[in-house]
Structure formats: structure tokens, C-alpha cells
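The report that follows takes up a few elements of one structure and the residues that join them. Please keep the sequence and the coordinates at hand while reading.

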Amino acid sequence: MLPPRTSKNKNKFLPPALTELEKVVGDFMEYWGFKNIHGRIWTHLYTAANPLDSLELMKRLNVSKGLMSLALRDLLHYDVIKEDHIAKYGTVFYVANPDLFAVITNVLRQRESKMLLQAHKSTVALKKMNKTQIEAAGLSAERIQSVLDLTESAQLLLKTF
């Protein structure tokens with residue numbers, strides 16, 4: 001078991017269970033195509049009773065200012081986190097977006113829709129081949145049509161989210 005980490009505030013400690021959750025969420029986000037640090041930051045912001053600034057997050061996670069800055073920018077871009085307020089001297093405090101459904105659908109729209117569009121374009125190019133070319137390549141026109149239908153349905157589904 002890991003020893004509890006402390007935060008900037010000397011009166012608060014970070015329980016080992018939070019460290020474990022941070023790791024699991026980081027691994028999950030990494031599996032989903034993000035960086036591990038994104039999940040770790042999100043975990044702290046989502047579970048925090050109050051908004052946190054980048055310095056507090058850097059101390060909690062033991063990461064550099066550069067890594068924190070890049071990760072916060074990415075999370076803001078995908079609307080996973082939000083700026084809560086700007087304190088005296090320009091310190092920005094962040095919170096996790098509490099609408100998890102909106103976060104997930106926004107990420108899907110921004111990232112997966114691009115991949116679906118590329119898959120659709122490639123499938124359309126295959127569909128434009130004549131019967132002789134399709135047969136010479138050992139392809140199935142019916143399966144090509146099926147992939148085209150699938151990409152169009154998936155694009156429509158993402159738009160409805």
C-alpha cells in the first residue's frame with residue numbers, strides 16, 4: 001500500500017484509495033486514446049470538494065509545469081474540465097465538467113467522427129471501383145456496401161448525441 005500523499009495544504013492528505021483511483025482512471029483514459037495524466041488530473045478535479053489550481057494539481061500528481069499546462073489545455077479543449085474562476089494575481093482554478101454524458105459524447109464527436117469520416121471516404125472509394133476491379137482484388141461488393149452503411153449509421157448516431 002502506498003503512503004498517503006500530501007497536498008499544498010499541510011492539513012490535508014491524499015488517501016491511498018484516491019491514488020489508486022487516479023491510476024485506474026489514468027489507465028482507462030490512456031486506453032481510450034488520451035494520456036494517462038489526463039485521467040489522473042480529471043480524477044482529482046472530479047473528486048475535489050473545491051476547484052483546484054495547476055500548482056495544487058502539480059503537487060498532488062508530482063508532475064512538471066509543462067506537462068500540467070499541456071494536459072490542462074487538452075482537457076479544456078475537449079470540455080472535460082472547465083475554468084471555475086480566476087483568483088488574485090491571475091491564478092486559474094479548474095473543476096471537472098460534471099455532465100459526464102456530455103463529456104463522453106463531446107469526445108466521441110470530436111475524435112471518433114474524424115475517424116468515421118476517413119473510413120467513409122475510403123469505403124466510398126472502394127465502392128466506386130468497377131465489378132472487374134472488385135473481383136480482381138478479391139473483394140465483396142456486398143461487404144463494401146455493408147461497411148458504407150455502417151459508417152453512415154455511426155456518423156448519424158454521433159450527430160444525434
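In which helix is the place of Tyr46? Tyr46 belongs to helix α2 of what is a predicted model, and with a relative accessible area of 37% Tyr46 is partly exposed. Apart from neighbours within four places in sequence, Tyr46 is in contact with Ala96, Asn97, Pro98 and Leu100. The C-alpha atoms of Tyr46 and Ile81 lie 8.8 Å apart, although 35 residues separate the two in sequence.

Helix α2 itself covers residues 36-47, and its 12 residues should span 16 Å at 1.5 Å a residue, which agrees with the 17 Å found between its end C-alpha atoms. Nine of these 12 residues are buried, so α2 is largely enclosed by the rest of the structure. The buried residues are Ile37, His38, Gly39, Arg40, Ile41, Trp42, Thr43, His44 and Leu45.

Two of the buried residues of α2, Ile41 and Leu45, recur in the largest nonpolar core, which has 24 residues and in which the most contacts are made by Ile41, Leu45, Leu57, Met68, Leu72, Val80 and Ile81. At least two residues of this core come from each of α1 (16-31), α2, α3, α4, β5 (92-96) and α5 (100-127). Leu45, once neighbours within four places in sequence are set aside, is in contact with Leu52, Leu57, Ile81, Tyr94, Val95 and Ala96. In soluble globular proteins, nonpolar side chains tend to be buried together.

The axes of helix α3 (residues 54-61) and helix α4 (residues 65-77) come within 10 Å of each other and cross at roughly 115°, and the crossing is right-handed. On the α3 side the contact is formed by Ser54, Leu57, Met58 and Leu61, which meet Lys65, Met68 and Leu72 of α4. The residues of this contact comprise five nonpolar, one polar and one charged.

Most residues other than glycine have a negative phi, and the table sets out two residues with a positive value.

| Residue | Phi | Place | Relative accessible area |
|---|---|---|---|
| Asn62 | about 55° | loop between α3 and α4 | 70% |
| Tyr89 | near 70° | loop between β4 (81-86) and β5 | 77% |

Are Asn62 and Tyr89 buried or exposed? Asn62, in the loop between α3 and α4, is exposed, and Tyr89, in the loop between β4 and β5, likewise counts as exposed.

Notes: Residues are numbered from 1 along each chain as its sequence is written. This is a predicted model: local features need pLDDT of at least 70, side-chain atom pairs count only at pLDDT 80 or more; totals for chains, interfaces and linings use all residues. Side-chain values use heavy atoms; hydrogens and water are left out. Helices (H or I, at least four residues) and strands (E, at least two) are DSSP runs, numbered from the N terminus. The expected span of a helix is 1.5 Å times one less than its number of residues. Buried means under 20% relative accessible area, exposed over 50%, partly exposed in between (1.4 Å probe, protein chains only). Axes are lines fitted to C-alpha atoms, for helices over the stretch in contact, and angles run from 0 to 180 degrees between N-to-C directions. A crossing is left-handed if the near helix is turned anticlockwise from the far one by less than a right angle, and right-handed if clockwise. Contact means heavy atoms within 4.5 Å. Ala, Val, Leu, Ile, Met, Phe, Trp, Tyr, Cys and Pro count as nonpolar, Asp, Glu, Lys and Arg as charged, and the others, Gly among them, as polar. A nonpolar core is a set of buried Ala, Val, Leu, Ile, Met, Phe, Trp, Tyr and Cys residues joined through side-chain atoms within 4.5 Å.
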